[in-house]
Amino acid sequence: MALVDPRSARPTRAVLLGAAAAGLAAGGVALWRRARRGPPLPRERSLDSTAALLREGYLFIGRRCRTLGSDVFRTRLMGRPAICAQGEAAARMFYEPGLFTRRGALPPTALLSLQDLGSVNQLDGAAHRWRKALFLDLVGSDRVAALGAAFDAEWRVAAEAWARAHRIVLFDEVREVITRAVCAWAGAPLAPGEARRRAREFGAMIDGAGAVGPRNWRGLLLRARTERWARRLIADARSGRRRAPPGSPLEAVAFHRDLDGRRLPVAIAAVELLNLLRPTVAVDRYIAFAALALHRHPGWRERLARDGAARTAFAQEVRRLYPFFPAVGGRALQPFAWRGRRFRRGTWVILDLFGTNRDPKSWREAEAFRPERFLTDEPNAHNFIPQGGGDPATGHRCPGEPITLELMDRALAWLAGEMRYEVPAQDLSVRLDRMPAIPASRMVLSGVRPAGAPARAAPA
Ligand code: HEM
């Protein structure tokens, strides 16, 4: 159909009218869409921000929120439209029960290194709540205290060896201490010499989760070995070849029945066993950060040695301020409205955990390390979210917080009370473009000795 008179090459009256009508219609549709969806969100002007995210790490979302003057903005990551948000209000929206799934919301590099396909993290609704109850049952106070006691026993043995060494790398040592403790506690005892290998595998999975390239590939490679070990444990427990200790977490996972009344396939049960063991080992990072915080704030040492409430407050402030999980992602299971704006089903939202924990709207002197704030003010389930927010029973918040706090408490009691050591010159910088972050030197301690023992002379 010719819309332009070819002889004059000038638009005819009909064309002009048609164009005007089309323009009006398009404008009308845009207005109608805008009215329906609500005001547009600030948008980052970039074709894709994945490279910037990898370059800027923990600071990526916060910087853009500041530049755009908004706690939520639109961008593109890995070629997909994404909405990034930070702060308590965003966390309330994100942790609205049943609103977001974790399926399709994590980069595959992180998903396969951490939670994995078929795990509780990938479930929704009743199936999720049912499987989650298994985890919440495993972190009841008696069980957590038993894990704490196992951790103490392993730390004691290790501390004797540390006292014979000139220096130790605390982060690496604690990883092995926790590996021994959590495997014994779970009913998955390790053969002599096996702890170091398993600790290395768990460490590689955690370290590789936030990386792209060799660090991630190494984690995945070592994970394959750990999965074979975990599958054997589950299969042996079921067949009776090597019975799981009665009442142990291994027994609970091996014989857990899902909502359909069936036992988990061996591969999925193994994944869930690893989802209990691996993140417990990951507490080594928080313990290294706690040692760093203690080094930077030695005035707390004496109080931490004798006061459990102070230790909890100190551990909470470490979790608030030191970088671990940068963010979590979710895809909307249904259309929803937030702040007068409508979002489609499938919308990919990334919530900034690191930035929310340091949000000046929620925290006075947000960047300052002040454990005493936790002695006077209770955080809520949406402004303090180092391990996710909301209710762990109905949402995806981490079930492992009691374990994390227990192990941090016991480690602080050792570091501040029962042990003495020096912190030699080293690179203690924490790079925020490395995910997950860790002090560059991984916390080297020298002259480790029991409290009360005289300082040892440095070797010539
Ligand atoms: C080392 C410190 C830890 C950190 C920083 C951490 C962080 C997190 C985060 C950010 C999530 C995702 C929350 C979400 O998707 O909304 C999560 C989920 C999870 N964590 Fe932890 N976690 C830690 C320790 C633990 C421990 C000790 C356990 C052992 C029980 C554990 C087991 C899990 C499980 C099973 C999930 C999936 C929960 C679900 O999807 O419902 N984590 N964790």
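Aspartate 71 is buried, at 15% relative accessibility. Here buried means under 20% relative accessible area, exposed over 50%, and partly exposed in between (1.4 Å probe, protein chains only). Aspartate 71 pairs with arginine 339 in a salt bridge, with the closest N and O atoms 2.8 Å apart. A salt bridge is a side-chain nitrogen of Lys or Arg within 4 Å of a carboxyl oxygen of Asp or Glu. Aspartate 71 sits in the loop between α3 (60–68) and β1 (72–77), and arginine 339 in the loop between β6 (336–338) and β7 (341–343), so the pair ties together parts 268 residues apart in sequence. Arginine 339 is partly exposed, at 46%.

The model is predicted: local features need pLDDT of at least 70, side-chain atom pairs count only at pLDDT 80 or more, and totals for chains, interfaces and linings use all residues. Residues are numbered from 1 along each chain as its sequence is written, and side-chain values use heavy atoms, with hydrogens and water left out.

**Salt bridges**

The whole structure holds 33 salt bridges. Three of the pairs are listed here.

| Pair | N to O distance | Relative accessible area |
|---|---|---|
| Aspartate 71 – arginine 339 | 2.8 Å | 15% and 46% |
| Arginine 285 – aspartate 207 | 2.7 Å | 2% and 14% |
| Arginine 320 – glutamate 317 | 2.8 Å | 1% and 0% |

Arginine 285 belongs to helix α13 (residues 283–296) and aspartate 207 to helix α9, so this pair links parts 78 residues apart in sequence. Helices (H or I, at least four residues) and strands (E, at least two) are DSSP runs, numbered from the N terminus. Arginine 320 and glutamate 317 are three residues apart in helix α15 (residues 308–321), so about one helical turn separates them. Glu44, Glu56, Arg63 and Arg64 are joined into one network by salt bridges that share partners.

**Positive patch**

Arg197, Arg200, Arg218, Arg225, Arg228, Arg232 and Arg242 gather in a patch of positive charge on the surface. Patches are made of residues with over 30% relative accessible area and no salt bridge, with like charges joined within 9 Å and nonpolar side chains (Val, Leu, Ile, Met, Phe, Trp, Tyr) within 5 Å. Helices α9 (194–208) and α10 (214–239) each supply at least two of the patch residues. The most come from α10, with four. Arginine 200 is in helix α9. Arginine 200 is partly exposed, at 39%.

**Backbone in the β9–β10 loop**

Most residues other than glycine have a negative phi, and most peptide bonds are trans. The peptide bond from methionine 435 to proline 436 is cis, with omega near -5°. Proline 436 lies in the loop between β9 (419–422) and β10 (444–450). Arginine 442 has a positive phi of about 65°, and its place is in the loop between β9 and β10. Methionine 443 also has a positive phi of about 65° and lies in the loop between β9 and β10. Arginine 442 is partly exposed at 25%, whereas methionine 443 is buried at 0%.

**Whole chain**

The chain has 18 helices and ten strands. Its C-alpha trace spans about 100 × 55 × 40 Å along the principal axes. Of the 460 residues, 50% are buried. One of the buried residues is leucine 250, at 2%, in helix α11 (residues 249–254).

Terms used. Areas by Shrake-Rupley, 256 points an atom, 1.4 Å probe, with all protein chains shown as cover. Lys, Arg positive; Asp, Glu negative; His and termini not counted. Charge placed at Lys NZ, Arg CZ, Asp CG, Glu CD.
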